[in-house]
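Work through the exercises below with the sequence and the structure at hand. Each task is followed by a solution in steps.

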There are 2 protein chains.
Amino acid sequence: MAKKPELDDFLVPFFDGGKKLKPFDLKSVDSSAKPLSRGSKEEDRTRLSEVGVLLDELQEKLHAQHRQRVLLVLQGMDTSGKDGTIRAVFHDVDPLGLRIVPFRAPSEREAAHDFLWRVHAQAPMAGELCVFNRSHYEDVLVPRVLKLIDDEECERRYRHIREFEALLADSGTAIVKCFLHISKDEQRQRLQARIDDPTKHWKFDVSDLEARKQWDDYQSAYSVALGATSTEYAPWYMIPGDSKTHRNLMIAELLLRTLQGLKLEFPPAKESLKGVKVE
Amino acid sequence: MAKKPELDDFLVPFFDGGKKLKPFDLKSVDSSAKPLSRGSKEEDRTRLSEVGVLLDELQEKLHAQHRQRVLLVLQGMDTSGKDGTIRAVFHDVDPLGLRIVPFRAPSEREAAHDFLWRVHAQAPMAGELCVFNRSHYEDVLVPRVLKLIDDEECERRYRHIREFEALLADSGTAIVKCFLHISKDEQRQRLQARIDDPTKHWKFDVSDLEARKQWDDYQSAYSVALGATSTEYAPWYMIPGDSKTHRNLMIAELLLRTLQGLKLEFPPAKESLKGVKVE
C-alpha cells in the first residue's frame, strides 16, 4: 500500500551548495494535489476550524512568553491565494498577536537601500506571529525575469537571503515559507472571474496580465530561487493551490506543526502574586 | 415614555474652549448601563455577529477605495477590556485591512521625541482601519497623576492633541475614541481573577496595583482629559464596561455607524478591463 502523502513530501529539498544533480523544478509538483484532505471539502473545513482554535491557543502562549517569534512567508503568482489564505487561516487567531506585513513595489526611499533593509525593519519581535504577504523573494523574481539583474547578482541575493534568515532563526524566529502553487489554467479562470466582476477591478490593472505572458519564466525563476533558499532553519513548502479549501488547511497544519514544535508554555506563576488579595 | 438611550447619550460633550459651567465628570456615567442591549446576552451576541459581518464588508470597501482611513482609539483602566474588545469586535474582519497598534511605556528613543512623534508614525494610511490599544492619551494621564507635568503643560498637551487629531481628520481620517468605563469593584474582581489564575500572571505585576490605589486620581485625570479633547472630528464616547458582551456590542455599533457614514463604495469598474479575455 502506498504511503499516505504528508507535509514533508512537499518540502523543497534543502540547498546543498549547488551540488545537486537534479535541481528543484516546480513542474514536479501537482498543483491540484490534496495530500492532507480528510475526504471532502466539508471535512477539510471542519478540520481547518479545529486547527484555527489550536493556533489561537498557541499564539496566546507565544505572546505571553514574549521570547520566540514566528514568521510565515507567503509567495505565489497573482491570484494564487495569498490574501485568501490570511483571511481563512487566521480567522480564529486573536488579531492582537498577529501582524500582517504586505510588501508592494518598493518606494523611492526603500529602493535607495539594499533589498533587505525594509524587510529587516518588519521582522517579528518577541511574541509576535508575522505574516509576510509577498516578501524579499520578489527581489529575486521580478528583476530576474525582467533581466534587470544578472545571474551573479541573483546568486549573491540568494546568499544574502540565506544569511539574513539564519540571523533571524538564530535570534529565536521560527520561519516557514509557503509557495502557493497554481496551474496556469487555474490562474486564467481566476483572473477572468475578477475581470467579469466590476467590484473586483480595483484589485488589478491590464498591465498585470503582462506577468502572465511570462508565466514560464516566472516558474523557472521560482524553481531556482526556492531551491537556492530552502534551508533547515527556513524551509520552503510547496502548497498545491488549485483547491482553496485544501490550500488553507495545508498552510494551517504546517503552521500548527511549527508552533507545536516550539514547546510553548505560559510563563511560570509569579511568587510575588501568590495569595495577593486586591483591595 | 422615556426615550430609549442611544449611542449619542454617551458622547462626551465637545470641548468649547473651557467655557462650560459644569465640566465633564466620569462619575455621571453608569459603568453597568446597557443602553444598546437587545434584551439578553444571547441576543446581544447575535447582533454582534451581524455587525461583525457588516464591518468586514465595509472594511473591504475602505481598503478597495484606498482613500479614507479609520482610527479607533481605546483607553481605559487596567482590565477595562481593551484586548477583549479587539478580539471580539474584529473577529469577522479580514486581518489584511486591520492594523492593531499597541502603545506601551515609551522606549528611550521614543521618549527623546515629543509625545506625538511615535503616534504620528503609526497613523492609519489610506484604506486602513487602525486600532490604537492605548495611545497618546497615556501622556496626559500617567504623568499628570504622578505629578511629572504641571497643569500648564497638561493644557498644552490637550491643545497639541486636538490639533494633531484635526490634522488627521482633515487628511481623511475618521476618528472614534472610546473610554472603557468600569467600576472600581469590577476592576477588583477582574484583577483578583487574574491573580487566582497562574496562567494569567504574565499579564501583570504587583506594581500594577499601584495605579489602582490612585483610582480616584485617574478618574479625575480622565474626566478632564476627555472633556478637553472630545471634538466633532474626534469625539470621545463613554463605553459602560462592566458587561463585556454589551461593551463589545456598543463599540461595534459605534464603528459600524462611523464606517456607514463614510459612504464607502467599490471604485468604479475599469474601462480598460471591459470585455478582456484572459489567454
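**Exercise 1.** Find how many residue pairs are in polar contact between chain B and chain A, and describe the side of chain B that touches chain A.

Step 1. Between chain B and chain A there are 14 residue pairs in polar contact, both residues at pLDDT 80 or more. A polar contact is a pair of N or O atoms within 3.5 Å; within protein, one must be able to donate a hydrogen and the other to accept it, and residues adjacent in sequence count only if both atoms are side-chain atoms.

Step 2. On chain B, the elements giving two or more residues to this side are helix H1 (41–65), helix H2 (82–89), strand S2 (98–102), helix H7 (184–196) and helix H8 (208–213). Helices (H or I, at least four residues) and strands (E, at least two) are DSSP runs, numbered from the N terminus.

Step 3. The residues of this side of chain B comprise 21 nonpolar, 7 polar and 13 charged. Ala, Val, Leu, Ile, Met, Phe, Trp, Tyr, Cys and Pro count as nonpolar, Asp, Glu, Lys and Arg as charged, and the others, Gly among them, as polar.

The model is predicted: local features need pLDDT of at least 70, side-chain atom pairs count only at pLDDT 80 or more, and totals for chains, interfaces and linings use all residues. Residues are numbered from 1 along each chain as its sequence is written, chains are lettered from A and ligands numbered from 1 in the order in which they are written, and side-chain values use heavy atoms, with hydrogens and water left out.

**Exercise 2.** Count the salt bridges between chain B and chain A, and give one of them.

Step 1. The count is 4 salt bridges (a side-chain nitrogen of Lys or Arg within 4 Å of a carboxyl oxygen of Asp or Glu).

Step 2. One pair is A:Asp56 with B:Arg87, at 2.5 Å, N to O.

**Exercise 3.** Which salt bridges does A:Glu253 form with A:Arg38 and A:Arg47, and which parts of chain A do they link?

Step 1. A:Glu253 meets A:Arg38 at 4.0 Å, N to O. A:Arg38 lies in the segment before helix H1 and A:Glu253 in helix H10 (residues 244–260), so the pair ties together parts 215 residues apart in sequence.

Step 2. A:Glu253 also meets A:Arg47, at 2.8 Å. This pair links helix H10 with helix H1 of chain A, 206 residues apart.

Step 3. A:Glu253 is buried (under 20% relative accessible area; exposed is over 50%, partly exposed in between; 1.4 Å probe, protein chains only), at 13%. A:Arg47 is buried at 15%, whereas A:Arg38 is partly exposed at 46%.

Step 4. A:Arg38, A:Arg47, A:Glu50 and A:Glu253 are linked in a salt-bridge network.
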